[in-house]
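Got the viewer open? Here's a short walk through the model, one selection at a time.

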Amino acid sequence: MAEGYDPKRSRVSDSTLADFLRAPLTGDLQEVPGIGKAAEEKLRTGNDYDEEPITNTYQLIGKFLMLKGPDEDGIKVESIEHVEKFWHWLKNRGISSYRSGIVRSIAEKVDHMMPGVYEKDVYGDDSDEE
């Protein structure tokens with residue numbers, strides 16, 4: 001199995017995701033589906049990879065948007081590369097569970113605020129899976 005973001009590996013239920021997408025942000029990191037106490041602590045403390053603490057949802061969204069680019073060569077970062085960068089950033093921060101769910105939740109929330117940031121259609125329709 002390839003390592004990286006795959007929305008089909010998200011263990012966040014459709015109803016939980018829908019509730020998150022409809023609700024206003026409060027800033028509490030645990031409002032993001034997939035972020036529990038352990039993940040919140042890892043985000044708050046930082047590590048050798050990234051010492052900057054992430055203490056609220058707004059900062060997490062800010063980090064997601066920062067990874068949109070442009071890259072070092074000034075080339076636009078497309079949707080697939082963008083969510084891959086965020087998935088790997090979470091991994092390097094020590095988030096070991098629910099990474100794809102967190103990525104999907106943040107990507108879809110931001111896409112509701114800024115249409116076109118996340119192109120979920122490139123991953124195919126997952127409604128045909130049982």
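Select K63 and D50 to begin: K63 is buried, and so is D50 (buried means under 20% relative accessible area, exposed over 50%, partly exposed in between, with a 1.4 Å probe and protein chains only). This is a predicted model, so local features need pLDDT of at least 70 and side-chain atom pairs count only at pLDDT 80 or more, while totals for chains, interfaces and linings use all residues. Residues are numbered from 1 along each chain as its sequence is written, and side-chain values use heavy atoms, leaving out hydrogens and water.

Stay with that pair. K63 and D50 form a salt bridge (a side-chain nitrogen of Lys or Arg within 4 Å of a carboxyl oxygen of Asp or Glu), with the closest N and O atoms 3.6 Å apart.

Now add R93. R93 also forms a salt bridge with D50, the closest N and O atoms being 3.6 Å apart. R93 sits in the loop between α4 and α5 and D50 in the loop between α2 and α3, 43 residues apart. R93 counts as buried because its relative accessibility is 2%.

Next stop: E108 and R104. Their salt bridge brings the closest N and O atoms to 3.0 Å. E108 is buried at 6% relative accessibility, and R104 is buried at 12%. Add D14 and K120 too: salt bridges that share partners join D14, R104, E108 and K120 into one network.

Finally, which residues does I106 touch, not counting residues up to four places away in sequence? Select F20, V32, L60, I61, F64 and F86 (contact means heavy atoms within 4.5 Å).

How values were computed. Helix = DSSP H or I, 4+ residues; strand = E, 2+ residues; numbered from the N terminus.
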